[in-house]
Amino acid sequence: MSTLHRNPRSDAIEEVTGTKDDAFASASSDQRLLDLGYKPEFRREMSLFGVLGISFCAIGILTGMSSAFQTGLFSGGPLGLFWGWNICSVFMLFIALSLAEICSSYPTLGGLYFWVCKMKPNLPILGFCTGWIYSIAMVFTGTSGNLSVALYIASMAEVGRGRSLTRVEIAAIAWAVNIFSGTINTIGTKAIGRMSTFNVWWTLGGTFVLVITLLVKAPVKNSANFVFTDYQNYTGWGSRGFVVLLGFLQAIYTLEGCETAAQVAEEARRAEFLAPLAVVGSIAGSWFIGLAYMLALLFSVQSIASVQATTYAIPIAQLFYDAVGPRLTIMCLVVVTFAQVTASITAFAASSRLFYALARDNAFPAKEKFMALNRFQAPYWGVWMSVFAGCIISCAYIGSEIAFNAMLSSAAVSVMLSYLQPIIIRVYWPDSLPEPGPFTLGRWSWPINLASFLFSTFICILFVLPTAYPVNVLNMNYAVVAVGGVLVIVAVNWVTWGCYTFIGPVQTCDSEKS
């Protein structure tokens, strides 16, 4: 038997070659950024896996599905959950393809906002509104995620110690998680990139563990007929179709976030290729991973009525408890909680970089402060603005438990409104992308954009409708109030100063000289 020995000189050559390839990829991406009029400010330290991990973190299959599972379970039951997940996944993939094509042409951290500005430069109000709505949506998403962490911790306390936390205590935990998210984001690109890469493996491994645990330990396994056809209605509405549609919130809230890869495009090598690939790949992977997790939950749920009547802070804890017992319930909640923390950190990473992009183009006040980077290359003013806003929003939970569902709906609608802006432009002005990037849809571009536009519009209307009947103060869908408040804030800012200071993206360099 012969023994193979590695050649140290060969290793050195491979290392140098890899370094040269990375340097060339970074230089190419920097040149593209210079061509768009921006001076590179961030170090390009993220690989494909890191960028993919950012989107995967933001989507948060384990977290989104666990946090919003009860929405679909009570609005349509297993039938609505299974078919709603697959229908929504198809259309969310269309949206991802639409956004990825634009991202390939404009790989900047402004993301949706910058794309709208470039494709419709004669209407700066569209770019301004998109940037503000999306930045607020990211704060909503991060805040709802951090509140979810608090609810998981409260549920663990109740399962393990038999102690129910008050709403004030839960809000305090949410504050602590907000501050923790801000601290991690302040450390900078490397920490977030490594964390998001780790989260990919955590989500894959965690999903596998949860699926096996549920299917093995559940005392009663439901039939395929129950999983694919059982209908449940705890909403009070009489229309079967409308009730099932209300359950779409679970799928949409879970699958939103693929565009987050664009928010770190200026920190990735070969961004014009890797960012759009991450946008599409994160949705495709999440579709199938989420389907496996959902089927495990549906096959192992012991009593939907028990989940509906639970006293636990978050209903999924009751499903775990009934299926696997108290000890394994704690384990399941720990797996989901850790994934939720990383997802929330990612949301604040996206919002802080969007604040940076808006400030860079005079679309956000205190330009110098929000463009400042610390020694870790983090836009710390944007980070802590997100934390502060998150803490304020979390206080709504003290007044009412239904504030949590309002946050889920508000986050979902606000993100969808942000998706609509660039997609509308691509539908009505197909020639608005004169220089397609390496990722292009070709002749399928317009049909996919049209499907994305119709679905996004439908979802924005659906998610502000009442979710229970008869409607009263306790069950009203306050998302319409929250989203209306967001639109008012954006409109006031545009009228009072935005229309005077913002004319579109501001070049920070002369591309020819650079």
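This report walks through a predicted model of one protein chain, from its overall build to a few single residues.

## The whole chain

The chain has 514 residues, and 57% of them are buried. Its secondary structure comes to 21 helices and zero strands. Many contacts link distant parts of the sequence. Take the contacts between residues at least 6 apart: 84% of them join residues at least 24 apart.

## The nonpolar cores

The largest nonpolar core holds 140 residues. Within this core, Trp115 and Tyr419 touch the most other members. Helix H6 gives the core its largest share, 17 residues. A second core is separate and has nine residues, among them Ile54, Val177, Ile345 and Ala349.

What does Trp115 touch, leaving out residues up to four places away in sequence? Its partners are Leu99, Ile102, Cys103, Tyr106 and Ala262.

## Helix H17

Helix H17 runs over residues 380-394, a stretch of 15 residues. From first C-alpha to last, H17 reaches 21 Å. That is close to the 21 Å expected at 1.5 Å a residue.

Several residues of H17 are buried: Gly382, Val383, Ser386, Val387, Gly390, Cys391 and Ser394. Look at Ser394 in particular. Is Ser394 buried or exposed? Its relative accessibility is 0%, so Ser394 counts as buried. Leaving out residues up to four places away in sequence, Ser394 touches Thr143, Ala171, Ala174, Trp175, Asn178 and Met407.

## A pocket and a cavity

H17 also helps to line the second largest pocket. At least two lining residues come from each of H6 (124-161), H17, H19 (402-428) and H21 (479-501). The space in this pocket is about 610 Å³. Its lining has 22 residues. Those nearest the centre are Ile136, Phe140, Ala389, Ile393 and Ile489. By class, the pocket lining has 20 nonpolar, two polar and no charged residues.

Now turn to the cavities. How many cavities of 30 Å³ or more does a search of the whole structure find? The search finds one. The largest cavity has a volume of about 210 Å³. It is lined by 21 residues, and Ala58, Ile59, Thr141, Tyr253 and Glu256 lie nearest its centre. The helices that give two or more residues to this lining are H2 (48-59), H3 (61-74), H6, H15 and H19. The class count for the cavity lining is nine nonpolar, ten polar and two charged residues.

## Unusual backbone spots

Some loops hold backbone angles worth a look. Two residues have a positive phi although neither is a glycine: Asn362 and Gln377. Asn362 sits in the loop between helix H15 (326-360) and helix H16 (367-370). Gln377 is in the loop between H16 and H17.

Are these residues buried or partly exposed? Asn362 has a relative accessible area of 27%, so this residue is partly exposed. Gln377 has 14% relative accessibility, so it counts as buried. The cut-off behind this reasoning is 20%: a residue under that value is buried, and one from there up to 50% is partly exposed.

The table sets out the two residues.

| Residue | Phi | Relative accessibility |
|---|---|---|
| Asn362 | about 65° | 27% |
| Gln377 | about 65° | 14% |

Another loop, between helix H20 (445-462) and H21, contains Pro470. Which form does the peptide bond from Tyr469 to Pro470 take, cis or trans? The bond is cis, with omega near -5°.

## Leu126 in helix H6

Helix H6 has come up several times, and Leu126 is one of its residues. At 25% relative accessibility, Leu126 counts as partly exposed. Its contacts, leaving out residues up to four places away in sequence, are Val116, Lys120, Gln421 and Ile425. How are Leu126 and Val116 placed? They are ten residues apart along the chain, and their C-alpha atoms are separated by 6.8 Å.

## Drawing it together

H6 supplies residues to the largest nonpolar core, to the lining of the second largest pocket and to the lining of the largest cavity. H17 contributes to the pocket lining and holds the buried residue Ser394.

How values were computed: Residues numbered from 1 in each chain as written. Predicted model: local features only at pLDDT ≥ 70, side-chain atom pairs only at ≥ 80, totals over all residues. Heavy atoms only, no water. Helix = DSSP H or I, 4+ residues; strand = E, 2+ residues; numbered from the N terminus. Expected span 1.5 Å × (residues − 1). Buried < 20%, exposed > 50% of the residue type's maximum accessible area, 1.4 Å probe, protein only. 1 Å grid on protein atoms, 1.4 Å probe; cavity = no way out; pocket = protein on both sides within 12 Å on 5 of 7 lines; lining within 4 Å. Points joined across faces, edges and corners; volume = space filled by probe spheres on them. Nonpolar A, V, L, I, M, F, W, Y, C, P; charged D, E, K, R; others polar. Core = buried A, V, L, I, M, F, W, Y, C linked by side-chain atoms within 4.5 Å. Contact = heavy atoms within 4.5 Å.
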